[in-house]
Structure formats: C-alpha cells, structure tokens
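Work through the exercises below with the sequence and the model open. Each task is followed by a solution in steps.

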Amino acid sequence: MKISIVVHNLNGGGAEKMMVRLANALAELGEEVSLVLLTEGGINKTYVSSNVKLIELKSSRTAAAVPNLRKYLKVNQPDKVLAALTHVNVIAILACLSLGIQKKLFVSERNAFSLDKHASNETLIKIAYFVAPWLYRLIPNPVIAVSKGVAQDLVDTTIVNQASVTNAPNPVLDDDFLGKQYSAPTHPWLLDKSIPTLVATGRLAPQKGFDNLLTALKQVNEHIDCRLIIFGEGELRSEFEEQVKQLALSEKVSLPGYVTEPLNEMAAADLFVLSSRFEGSPNVLVEAMSTGVKVLATDCPHGPYEILKAGAIGFITEVESAEALSSSIIKALSVTDYDKSAQLQQAKTYTSRSSALAYREILLSGKS
C-alpha cells in the first residue's frame, strides 16, 4: 500500500514519536510510507527511517494547512491516509472531503476525548474538538483509538457510534526489547541502593497527578524511608518545588528535568509510579514494564486498566487519591517476590511490529 501518515510536525510529543515508529514499522513490512508534516521540523525527525519519505508542507500553522494538504494528496494519490491528533484529523477530513477521497482516510484519537478537550485554552483547538465528532460521522472508516477505553469514551461522550470506532496498540517498544541491556543510571539516588527509590516520568502538568504523588510520598515516609525522582519538565515546576518545600520533602524528592535515556533510570528503580489523572494509553508505563521494574499506576481513564489487566500485572490504585496511592506504594515496596515475567509478556503487545500489523489490518479492511 501507498500510505500517507499525517501529523502537524515532529516536535516532542508522544503522539508524534509513536507516528514515526509506526511509519518506520509499516515500511519494514514492505509498505510505501510517507510521513507528511502539515508544518515542518521537530526533534523526532532524526528517528525517521530512510525507508520512509518525509514530506514537510511548511504551512504557517496547522489550521491553515488544508490547501497544502489537499494539493499533496491530489498529486501523490496515496492508497490510504492516516491522520493523528484531533486538530490534525479535522484538517485531514476537510482536505479529503474536498477531493472526494474520504474512503481513503483513517483518523486516530490519542487521548481521552472528553478530558483532553479541556486541556487547551486555544480557541482553534477548542473549535477542532467541537467539530471533530461531527466530521467523524462523515468518513466511512472507523476512528482508531489507542486503547479500548479511549474508544469507549469517544462513544459515550460524543455522537460517534460504537460501530465507528476500533483500537490498535501503540508501537512503544523495539521488537527486540527483551534482549536489551541497560546502562548504569545517571541519577546518584539510583546508584545508592540503601534507600528505596521511586521513579516517575512525564510532563510537569496537571494531567500527570504529580501533586498527588508528592502528597502520597509524604505519607509513605511515615512508614518507609524512600525517595522519589520525577523526570520531566513543564509549566508546574515552580508549584511542585514549592509543594516539596511545604511538605518538608527536599531531601526526599528530586526534579532533575529531562533525561536522555529514561529506561536506564527506570530499570534501576525500586518502583515506577504512574500517577496520572487521565491518559490515552500511557507509553511510559509500557516502557517501564519492558525493563522489568515493579510498576504501579492509577486506574485513570484510560489505558492502565487494560495494560495492567485490571491489576493482574503490576499494581493498580484509585485515581485522584493520595491516600490510596500511598497505601499502594507501601504494598508494592513490601513485595519481595515480584514476578516480572507476566508484565514482560504483556509488553510484547506494544512492539513496533505488533502495532504495525494491527494498523495494517485496519487499513486493509477499510472502505476504499
């Protein structure tokens, strides 16, 4: 198949990284893949395989990209078009409708629609979320969600019907992840094994629930002496730093910013914690699972419940409850016979090849 995957650019978001990995994996399966950027650039450009054709339309902004995308599609005539992220989906639908090729189009939702639509105050983004479900009704192929929960959320909270959604796993892991050897961590707390150390990773933003995690850590330290490292950056750094001071946790919490090889840090931790309020399908949880570290996640909408098989793998706890989170951390740290084999087996679902095969099957079953 001649497949065009459409994203806004290749900046540092998880969705952009996943689309690069998917494009590479589909090309490995022998498909002719183009990765089409509505604007241009992004740090993930370096990861695009030489087998994938990179197209940069250089539109001034995503909202103004319909004419450029329409021209590209008209000239190149792909067999299938796959768009990712709500505002990009809207642009792709408008371009395909104008050419009468909506049967070729598939769109992908990457997060809990009912919650993610409130995450941005930008007017054009809000408009995109308002019109997207109506436009999804105009295309014959199902919306591809990153998890069953995201798919069901779209059905429950919009006019999209059950028959118009499906789901496919993210291509989070390399196919040979089980053989990966991890280098020594860079953080000194992970080299000193005298005190249990928790690791969390993500944007310092409300969605990730790190405020609850900090409160939970204070409660945990009343029973177990432990430390927490949160890798990441974001708009709430100053608020979290102040919370650490207020909780008297300055010796127990580290906020070192981004780390280039987070899996090395995860592999050396005593417990990985996902404290999110909502997700789509948290890639970082799958990455942590792949290292064999103990994992604990909130039962947030959506993804952890499916990934951890309702707690049969790893540990799962109530969302938005620091008390429940602290109790679960204590329980997880107390387990000495943790069986990582089940979580490694589950992680295989999220390899690049597994994801590409799932997407290819959906694309082949389309209406075009």
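The model is predicted.

**Exercise 1. The loop before H12**

Task: State where His 302 lies, and describe the peptide bond that joins Pro 301 and His 302.

Solution: His 302 is in the loop that runs between strand S12 (295–298) and helix H12 (304–307). The peptide bond between Pro 301 and His 302 is cis, with omega at about 5°.

**Exercise 2. The loop before H3**

Task: Locate Leu 85 and comment on its phi.

Solution: Leu 85 sits in the loop between strand S4 (80–84) and H3. Phi of Leu 85 is near 90°, which is a positive value in a residue other than glycine.

**Exercise 3. H2 against H3**

Task: Classify the packing of H2 and H3 by angle, give the hand of the crossing, and name the residues that meet.

Solution:
- Step 1. Helix H2 (residues 66–76) packs on helix H3 (residues 86–99) at an angle of about 50°, and their axes are 9 Å apart.
- Step 2. An angle that is over 35 but under 65 degrees counts as oblique, and H2 and H3 are therefore oblique to each other.
- Step 3. H2 and H3 cross with a right-handed sense.
- Step 4. H2 contributes Val 66, Leu 69, Arg 70, Leu 73 and Lys 74, which meet Ile 91, Ala 92, Leu 94, Ala 95, Cys 96, Ser 98 and Leu 99 of H3.
- Step 5. Sorted by class, the contact of H2 with H3 has nine nonpolar, one polar and two charged residues.

**Exercise 4. H8 against H13**

Task: Repeat the analysis for H8 and H13, starting from their angle.

Solution:
- Step 1. The angle between helix H8 (residues 210–220) and helix H13 (residues 322–334) is about 55°, with the axes 8 Å apart.
- Step 2. That makes H8 oblique to H13.
- Step 3. The crossing of H8 and H13 is right-handed.
- Step 4. On the H8 side the contact is made by Asn 212, Leu 213, Thr 215, Ala 216, Gln 219 and Val 220, and on the H13 side by Ala 322, Glu 323, Leu 325, Ser 326, Ile 329 and Ile 330.
- Step 5. The classes in the contact of H8 with H13 are seven nonpolar, four polar and one charged.

**Exercise 5. The cavity**

Task: How many cavities of 30 Å³ or more does the structure hold, and what lines the largest cavity?

Solution:
- Step 1. One cavity of 30 Å³ or more is present.
- Step 2. The volume of the largest cavity is about 50 Å³.
- Step 3. Its lining consists of Gly 209, Asn 212, Ser 275, Ser 276, Arg 277, Thr 298, Glu 318, Val 319, Glu 320, Ser 321 and Leu 325.
- Step 4. By class, the lining of the largest cavity has two nonpolar, six polar and three charged residues.
- Step 5. Asn 212 and Leu 325 belong to this lining and also to the contact between H8 and H13.

Technical notes:
Residues are numbered from 1 along each chain as its sequence is written. This is a predicted model: local features need pLDDT of at least 70, side-chain atom pairs count only at pLDDT 80 or more; totals for chains, interfaces and linings use all residues. Side-chain values use heavy atoms; hydrogens and water are left out. Axes are lines fitted to C-alpha atoms, for helices over the stretch in contact, and angles run from 0 to 180 degrees between N-to-C directions. Helices (H or I, at least four residues) and strands (E, at least two) are DSSP runs, numbered from the N terminus. Angles under 35 degrees count as roughly parallel, over 145 as roughly antiparallel, 65 to 115 as roughly perpendicular and the rest as oblique. A crossing is left-handed if the near helix is turned anticlockwise from the far one by less than a right angle, and right-handed if clockwise. Contact means heavy atoms within 4.5 Å. Ala, Val, Leu, Ile, Met, Phe, Trp, Tyr, Cys and Pro count as nonpolar, Asp, Glu, Lys and Arg as charged, and the others, Gly among them, as polar. On a 1 Å grid over the protein atoms alone, a cavity is a set of points where a 1.4 Å probe fits but cannot get out, and a pocket is an open set with protein on both sides within 12 Å along at least five of seven lines; lining residues have an atom within 4 Å of a point. Grid points are joined across faces, edges and corners, and a volume is the space filled by probe spheres set on the points.
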